[in-house]
Amino acid sequence: MGPNEFDPQRSLQVLHMTVFSQSFSPCGKFLAAGNNYGEIGVFSLSAALGPEATEDSKMPIVTFKAHDGPVYSLLSTDSQLLSAGNGEVRAWNWAELVKKVSVGLGALGEVDNSLLMAGGDNKIHVMDLESGDFKMVLEGHSDYIHCLALRDSAGECLSGSEDGAVRIWDFRTGREVHSIEVFKYQECSRPQYGKYISCLTTDSDWMLCGGGPSLSLWHLRSVTPTTVYPVPGCQREACFHQDLVLSVGDGPFVSHCHLSGDVKARIPCTPPSLYSMRLNYSSQEHRVLSVAGSSQN
Amino acid sequence: MGSVTDDEVIRKRLLIDGDGAGDDRRINVLLKSFIKWCNSGSQEDGYTQYQRMLGTLGQCEFSMGKTLLVYDMNLKEMENYEEIYTEIGQNLTAAHEKIAECKKEILQAKRIRKNRQEYDALAKVIQQHPDRHDTLKQLESLDKELQHLSQIKENVEDKLELRKKQFHVLLSTIQELQQTLENDEKFSDADEHQENQMETENGH
């Protein structure tokens, strides 16, 4: 099928496509995006952002079918791209080789050469990237896990799940250090949206979490919520950047907020609802923020 | 038709401009007039031609002087522009450096702002809790009250013990007295009975 021929099925697919996850390559020159059809598209940043970019250079340079179900999570290590979909995690060399690895799903995290996989079975599996065997299993959640965050400074990881709790686990002992039930705190809870935690990120002493309850900033040492952000809708992804908090979720905008709680800017975007946000720190000339979500209807 | 008129135009141009333009023509004309003058016969004509030639020579010298000055001027302007060019280049690099420094400063300022905001956020939470000094003072006063009250309690208990003991003493003394009185009565009854018996015996 040439690029100029009209393929009605493909156009229908594009109409209903939702991008769930993104990841920048370790060199910072490429962006991989995973959608709800199980395909991963790789875009070249230098072609799309350069001065002579055309419509064609903004199309993916490679598209391949990675999983049977939607690709919910993508993660880049130093030389590989790991993708997680329904029931399996696959690793692809950024030089486009395929290597099937093992079973897990939902959310991916990487620390110290081990891979953390968490998802539908309510547990977090820690796997060693070199040897491929499972080192630990962290159990404790009562419902499936939506998101993972790593706290390298303390050797801990945080997980947020559908049961409304954020649990902090210690890697060395493999046990839970803390369990924070966000929806039980008056100032954060929004019972009309539910209690699930869909976005989690940490910055050594501080943690951002949101989802059903509103997006809130927590001080981890004292485990107290310090600021609640007045962002409407459920947030799907948030991150710290310099002195700001960026978050995306329901609604066609990226919210920039100060740590103190006021919303500094709300940048509108085309997708009506955003699922994924990534900052490209690994490249100097293509330092971009990329957001992706559902397609415009 | 076009080519013919072109040829005509070229021929006309060559006729008019055959000797080149401006200064070149002047020099050619001078040369031709010099040759004519050398070949001319009469004195007056020759004199006027001579004057004319001097005039043309003067004009040539004048235009040469002008051209030399213009050349000097161009050289000087080139130098000037080179200077300005290097200066601008230096300014550019300086500005780049300043921009880089300012960017670093901005990052630093943003970090400071972030720290301040974190501090503020924690301070807000801390404010919600009551002051430590006040709580300590409250604790101290409560402690004192507690001590005071416990002392009072001790005193009251002591008093109670004392009163109990006193009452006990009182009651036991009363009981003893009762016993003694009962005993006395018994003895005095027994005595009376004996006396009555002795009297009846004596009466018979």
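# Exercises on a predicted two-chain model

At 3% relative accessibility, A:Ser21 counts as buried. The model is predicted. Work through each exercise with the structure open.

**Exercise 1. Place A:Ser21: in which strand is A:Ser21 found, and which residues is A:Ser21 in contact with beyond its neighbours within four places in sequence?**

Solution.
- Step 1. Find the strand. A:Ser21 sits in β1 of chain A, residues 19-24.
- Step 2. Check the burial. Buried means under 20% relative accessible area. A:Ser21 has 3%, so A:Ser21 counts as buried.
- Step 3. List the contacts, leaving aside neighbours within four places in sequence. They are A:Ala32, A:Ala33, A:Gly34, A:Val71, A:Tyr72, A:Ser73, A:Leu74 and A:Ser276.
- Step 4. Look at A:Val71 again. Its backbone oxygen is 3.2 Å from a polar atom of the A:Ser21 side chain.

**Exercise 2. Two of those contacts, A:Ser73 and A:Leu74, lead to strand β5 of chain A. Are the faces of β5 covered or open?**

Solution.
- Step 1. Recall the rule for a regular strand. Side chains alternate between the two faces of the sheet.
- Step 2. Sort the residues of β5(A), 73-76. A:Ser73 and A:Leu75 are on one side, and A:Leu74 and A:Ser76 are on the other.
- Step 3. Check each side. These four residues are all buried, and both faces are covered.
- Step 4. Find the partner strand. β5(A) is joined by four bridges to β6(A), residues 80-85, and the two run antiparallel.
- Step 5. Pick one pair. A:Leu74 has A:Ser83 as its bridge partner in β6(A).
- Step 6. Name the motif. β5(A) and β6(A) make a hairpin, with three residues between them.

**Exercise 3. Describe the sheet that holds β17 and β20 of chain A. In what order do its strands stand?**

Solution.
- Step 1. Recall how a sheet is held. Strands pair through backbone hydrogen bonds, either parallel or antiparallel.
- Step 2. Read the order. The four strands of this open sheet in chain A stand as β17-β18-β19-β20, with antiparallel pairing.
- Step 3. Find the edges. β17 (197-203) and β20 of chain A each pair on one side only.
- Step 4. Add the twist. On average, neighbouring strands of this sheet are turned by 25° against each other, direction ignored.
- Step 5. Take the β17(A) end. β17(A) pairs with β18(A), residues 206-211, over six bridges in the antiparallel sense. A:Leu200 stands opposite A:Cys209 in β18(A).
- Step 6. Take the β20(A) end. Four bridges link β19(A), residues 216-219, to β20(A), again antiparallel. A:Ser216 has A:Val228 as its bridge partner.
- Step 7. Inspect the hairpin of β19(A) and β20(A). Four residues lie between the strands, and A:Val223 takes a positive phi near 50°.
- Step 8. Judge the cover of β20(A), residues 224-228. Four of its five residues are buried, so the burial rule makes this strand mostly covered.

**Exercise 4. Describe the sheet that starts its order with β21 of chain A. Which strands form its edges?**

Solution.
- Step 1. Read the order. The open sheet runs β21-β22-β23-β24 in chain A, with antiparallel pairing.
- Step 2. Name the edges. They are β21 (235-241) and β24 (263-268) of chain A, each pairing on one side only.
- Step 3. Add the twist. Neighbouring strands are turned by 20° on average, direction ignored.
- Step 4. Look at one pairing. β23(A), residues 253-258, is joined to β24(A) by five bridges. There, A:Cys257 has A:Val263 as its bridge partner.

**Exercise 5. Turn to chain B. How many helices and strands does chain B have, and how does chain B meet chain A?**

Solution.
- Step 1. Count the elements. Chain B has four helices and zero strands. Its pattern along the sequence is α-α-α-α.
- Step 2. Check burial. Of the 204 residues in chain B, 5% are buried.
- Step 3. Set one helix against a sheet. Helix α3 of chain B, residues 43-128, lies across β17, β18, β19 and β20 of chain A, at about 115° to β20(A).
- Step 4. Count the contact residues. Ten residues of chain B touch 14 residues of chain A.
- Step 5. Give the area. The two chains bury about 1200 Å² between them, 56% of it on carbon and sulfur atoms. B:Lys114, B:Gln117 and B:Leu122 supply 42% of the area that chain B buries, more than any other three residues.
- Step 6. Add the polar links. There are two salt bridges between the chains. B:Arg113 forms a salt bridge with A:Asp243, with the closest N and O atoms 2.6 Å apart. Six residue pairs across the interface are in polar contact, both residues at pLDDT 80 or more.

Key
Residues are numbered from 1 along each chain as its sequence is written. Chains are lettered from A and ligands numbered from 1 in the order in which they are written. This is a predicted model: local features need pLDDT of at least 70, side-chain atom pairs count only at pLDDT 80 or more; totals for chains, interfaces and linings use all residues. Side-chain values use heavy atoms; hydrogens and water are left out. Two strands pair if DSSP finds at least two bridges between them. Axes are lines fitted to C-alpha atoms, for helices over the stretch in contact, and angles run from 0 to 180 degrees between N-to-C directions. Buried means under 20% relative accessible area, exposed over 50%, partly exposed in between (1.4 Å probe, protein chains only). Contact means heavy atoms within 4.5 Å. Buried area is the accessible area (1.4 Å probe) that two parts lose on being put together, summed over both. A salt bridge is a side-chain nitrogen of Lys or Arg within 4 Å of a carboxyl oxygen of Asp or Glu. A polar contact is a pair of N or O atoms within 3.5 Å; within protein, one must be able to donate a hydrogen and the other to accept it, and residues adjacent in sequence count only if both atoms are side-chain atoms.
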